[in-house]
Amino acid sequence: MMLSLKNLVLAGAAVLLVGAADIAYAQSAGTVSTALSSGAVGEQADGYLGFRSTPSGTLRGEVDAINIKRREAYTNLATQRGVTVRDVAVTVGCETLQKRVATGRSYLLPDGVWRTKAEDPIALPAYCGN
Amino acid sequence: MKQAALLLALAASALLAGCLQIQAPDKPIEINLNVNVKQEVILTLKKDAADLVNNNPELFPQ
């Protein structure tokens with residue numbers, strides 16, 4: 001009886017922990033998503049997220065964390081394919097600029113100028129091909 | 001005979017001088033292949049990159 005009670009308490013604690021982690025994740029995704037919709041954060045041609053305007057500490061931390069994970073994923077793919085991390089990153093940049101920047105959101109081209117996505121597709125850098 | 005050949009050679013060189021003027025460029029000739037090479041790598045990686053983006057939605061928030 002004692003044992004099962006103990007198990008119950010443990011299970012309850014586990015549920016609480018998982019719940020807390022979910023909430024933390026949702027909040028983090030929320031901060032970045034909000035910044036993306038407002039245009040404060042945007043996709044860059046180099047394959048990473050960047051700041052169009054100076055971010056709060058929290059936002060900076062969350063975007064940096066995403067970029068670190070992106071770099072990890074790019075590094076894995078680069079190793080598999082025998083190319084540089086930059087090649088992979090830039091190719092992902094072509095992909096995100098082409099498909100994942102909604103109208104009204106910010107994006108950065110290799111010329112270093114932040115622009116706001118219009119209805120028309122983004123004029124991709126020549127190296128992206130077609 | 002020898003003189004004729006000489007004359008011919010002279011005439012030929014005069015002609016050449018008249019029509020062909022080759023000047024060495026003052027700047028070195030640069031052929032930039034970087035863009036093409038890069039484009040080729042990008043084309044081969046395109047599908048992988050699309051998969052990477054689609055399979056990791058947490059890294060590409062909307």
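Colleague: Two residues are in contact if their C-beta atoms, placed from the backbone, lie within 7 Å. How many residues of chain B are in contact with chain A?

Modeller: This is a predicted model, in which local features need pLDDT (the predictor's confidence in each residue, from 0 to 100) of at least 70 and side-chain atom pairs count only at pLDDT 80 or more, while totals for chains, interfaces and linings use all residues. Residues are numbered from 1 along each chain as written, and chains are lettered from A and ligands numbered from 1 in written order. On the chain A side, 24 residues take part, and on the chain B side the number is 18.

Colleague: What ipTM does the predictor give the complex, and what share of chain B scores at least 70 in pLDDT?

Modeller: For the complex, the predictor gives an ipTM of 0.76 alongside a pTM of 0.69. Chain B has an average pLDDT of 79, and the share of its residues scoring at least 70 is 73%.

Colleague: Which pattern does chain A follow along the sequence?

Modeller: Helices (H or I, at least four residues) and strands (E, at least two) are DSSP runs, numbered from the N terminus. Chain A has 3 helices and 4 strands, whereas chain B has 2 helices and 0 strands. Read in sequence order, the chain A pattern is α-β-β-α-α-β-β.

Colleague: Which strands stand at the edges of the sheet in chain A?

Modeller: Strands pair if DSSP finds at least two bridges between them. The 4 strands of chain A form an open, mixed sheet, ordered E2-E1-E3-E4. One side of each edge strand has no neighbour in the sheet, because each has a single partner strand; these are E2 (49–51) and E4 (114–116) of chain A.

Colleague: How is E1(A) joined to E2(A), and which residue in the turn has a positive phi?

Modeller: E1(A) and E2(A) run antiparallel, joined by 3 bridges. Across this pair, Gly42(A) is opposite Gly50(A). The two strands form a hairpin with 4 residues between them, and the turn residue with a positive phi, about 90 degrees, is Gly47(A).

Colleague: Which residue of E3(A) is the bridge partner of Glu43(A)?

Modeller: Strand E1 (41–44) of chain A pairs with strand E3 (106–108) of chain A in the parallel sense, over 2 bridges. Within E3(A), the partner of Glu43(A) is Tyr107(A).

Colleague: How many residues does H3(A) supply to the largest nonpolar core?

Modeller: A nonpolar core is a set of buried Ala, Val, Leu, Ile, Met, Phe, Trp, Tyr and Cys residues joined through C-beta atoms within 7 Å, buried meaning 20 or more other C-beta atoms within 10 Å of the residue's own. The largest one has 27 residues, and those with the most contacts inside it include Val41(A) and Ile42(B). At least two residues each come from H1 (2–38), H2 (57–81), H3 (85–99) and E3 of chain A, and from H2 (34–55) of chain B. H3(A) gives the largest share, with 6 residues.

Colleague: What percentage of chain A is buried, and what percentage of chain B?

Modeller: Of the 130 residues in chain A, buried ones make up 26%. Chain B has 62 residues, and its buried share is 10%.

How values were computed:
A residue is buried if 20 or more other C-beta atoms lie within 10 Å of its own, exposed if 12 or fewer, and partly exposed in between; C-beta atoms are placed from the backbone.
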